[in-house]
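Please go through the structure shown here, with attention to its charged pairs, its buried cores and its surface. The report that follows takes these topics in turn.

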Amino acid sequence: MNELPDWMIEDDIYVPPKDGGAFIVKTLQTIAEIMTRIQVQHGHEKRFALPATVKFVALIGLLIILSLSHEPLPLLIFAAFIHAYLCTWSARDIWLILKTALFAAVVAFVLLLPAIIFSPAGLIRCLVIVIKVFFGVEMVNIFNHTTQWNHITSALRKLHIPAVFVFTLDITLKYIVLLGELIDGLLTALLLRSVGKNDGKYNTVGGVMGVTFLRSAEMNQQMYEAMRCRGFTDDY
């Protein structure tokens, strides 16, 4: 009986060169996080919570009061009320609310930094603006976290917001989810097929975006034809 040749019994050890795949992984994580926020719209909305219309009107009123207030007392009241309510939430949800608000406050501070440098006398006024931005974004985040998207669009319609605006907002959110799922699938397939070093990362990402654009154009045409077949009359 002939023995097998050496090349058939040797272990084939292939170690692919390392490549920076962090871009794909980070993109996947970002898309998954955004899609989770849009699709899972439960948050802290209770069964017997206030109607979305009432919460929306209250939010607009509080934002107007916050923007018009010039005394520190209203700001302290806002701080006490908002953070006392947030204390009933979980630590993870509190961080989601505060993270965006802190980022907006930092951006506002950076934009006002030249005014603070060249006019130190207006430091207090600029800090008040930064605090107002923080509280305003915080309230919007709480409203967004406690109200489902379909309830928000329903509230806008009840408040006699033009149907075209409500329709555009609702369809945009739905297609963000659909296109997000498409990009997620394409990037997952790319990640599973990427072995070793890929020197054409930008060409690959460009191909993914091109496929997404063509698919979005196709979905747009399909929706237009479906609306025509159903006799859509701009009443949403």
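## Salt bridges

In this predicted model, Arg215 counts as partly exposed because its relative accessibility is 31%, and Glu218, at 40% relative accessibility, likewise falls in the partly exposed class. The two side chains form a salt bridge in which the closest N and O atoms are 3.3 Å apart. Both residues belong to helix H9, which covers residues 201–229, and their spacing of 3 residues corresponds to about one turn of the helix.

The structure holds 3 salt bridges, and another of them joins the side chains of Lys174 and Asp170, with an N to O distance of 3.7 Å. These residues are 4 residues apart in helix H8 (residues 163–193), so about one helical turn separates them. Lys174 is partly exposed, with a relative accessible area of 44%, whereas Asp170, at 11% relative accessibility, counts as buried.

A further salt bridge links Arg92 with Asp93, where the closest N and O atoms lie 3.8 Å apart. Here Arg92 counts as exposed at 62% relative accessibility, while Asp93 counts as buried at 13%. As general background, side chains of opposite charge can pair when their charged atoms come close.

## Overall architecture

The protein contains 9 helices and 0 strands, so that, under the convention of numbering elements from the N terminus, the order of elements reads α-α-α-α-α-α-α-α-α. Among contacts with a sequence separation of 6 or more, 80% are accounted for by residues 24 or more positions apart.

Of the 236 residues, 27% count as buried. The accessible surface of the protein comes to about 16800 Å², and carbon and sulfur atoms account for 68% of that area.

## Nonpolar cores

The largest nonpolar core has 25 residues, and those with the most contacts inside it are Leu66, Phe78, Ile82, Leu86, Phe135, Met139 and Ile142. At least two residues of this core come from each of helix H3 (52–68), helix H4 (72–86), H5, H6 and helix H7 (149–158), and the largest share, 7 residues, is supplied by H6. A second, separate core consists of 5 residues, including Ile183, Leu187, Leu190 and Val208.

Which residues does Ile82 touch, once residues up to four places away in sequence are not counted? The partners of Ile82 are Phe135, Glu138, Met139 and Ile142, and of these Phe135, Met139 and Ile142 are listed with Ile82 among the residues with the most contacts inside the largest core.

## Ala105 and its partners

Ala105 is found in helix H5, and it is buried, with a relative accessible area of 11%, a value that lies under the 20% cut-off for that class. Leaving aside neighbours within four places in sequence, Ala105 is in contact with Val130, Val133 and Phe134. Ala105 and Phe134 are 29 residues apart in sequence, yet their C-alpha atoms are 5.1 Å apart in space.

## Nonpolar surface patch

On the surface, Val106, Phe109, Val110, Leu113, Ile117, Phe118, Leu123, Ile124 and Leu127 make a nonpolar patch of about 860 Å². Helix H5 (91–118) and helix H6 (123–145) each supply at least two of the residues in this patch, with H5 giving the most, 6 residues.

Leu123 is a member of the patch that has its place in helix H6. At 34% relative accessibility, Leu123 counts as partly exposed; because a patch residue must have over 30% relative accessible area, Leu123 meets that requirement.

## Cysteines

How many disulfides does the count give? The count comes to 0 disulfides, the rule being that the sulfur atoms of a cysteine pair lie within 2.5 Å. In general terms, a disulfide is a covalent bond between the sulfur atoms of two cysteines.

Cys87 and Cys126 fall into opposite accessibility classes: Cys87 is exposed, with a relative accessible area of 61%, whereas Cys126 is buried, with a relative accessible area of 9%.

Notes
Residues are numbered from 1 along each chain as its sequence is written. This is a predicted model: local features need pLDDT of at least 70, side-chain atom pairs count only at pLDDT 80 or more; totals for chains, interfaces and linings use all residues. Side-chain values use heavy atoms; hydrogens and water are left out. Patches are made of residues with over 30% relative accessible area and no salt bridge: like charges are joined within 9 Å, nonpolar side chains (Val, Leu, Ile, Met, Phe, Trp, Tyr) within 5 Å. Accessible areas come from the Shrake-Rupley method with a 1.4 Å probe; for residues, only the protein chains shown count as cover. A salt bridge is a side-chain nitrogen of Lys or Arg within 4 Å of a carboxyl oxygen of Asp or Glu. Buried means under 20% relative accessible area, exposed over 50%, partly exposed in between (1.4 Å probe, protein chains only). A nonpolar core is a set of buried Ala, Val, Leu, Ile, Met, Phe, Trp, Tyr and Cys residues joined through side-chain atoms within 4.5 Å. Contact means heavy atoms within 4.5 Å.
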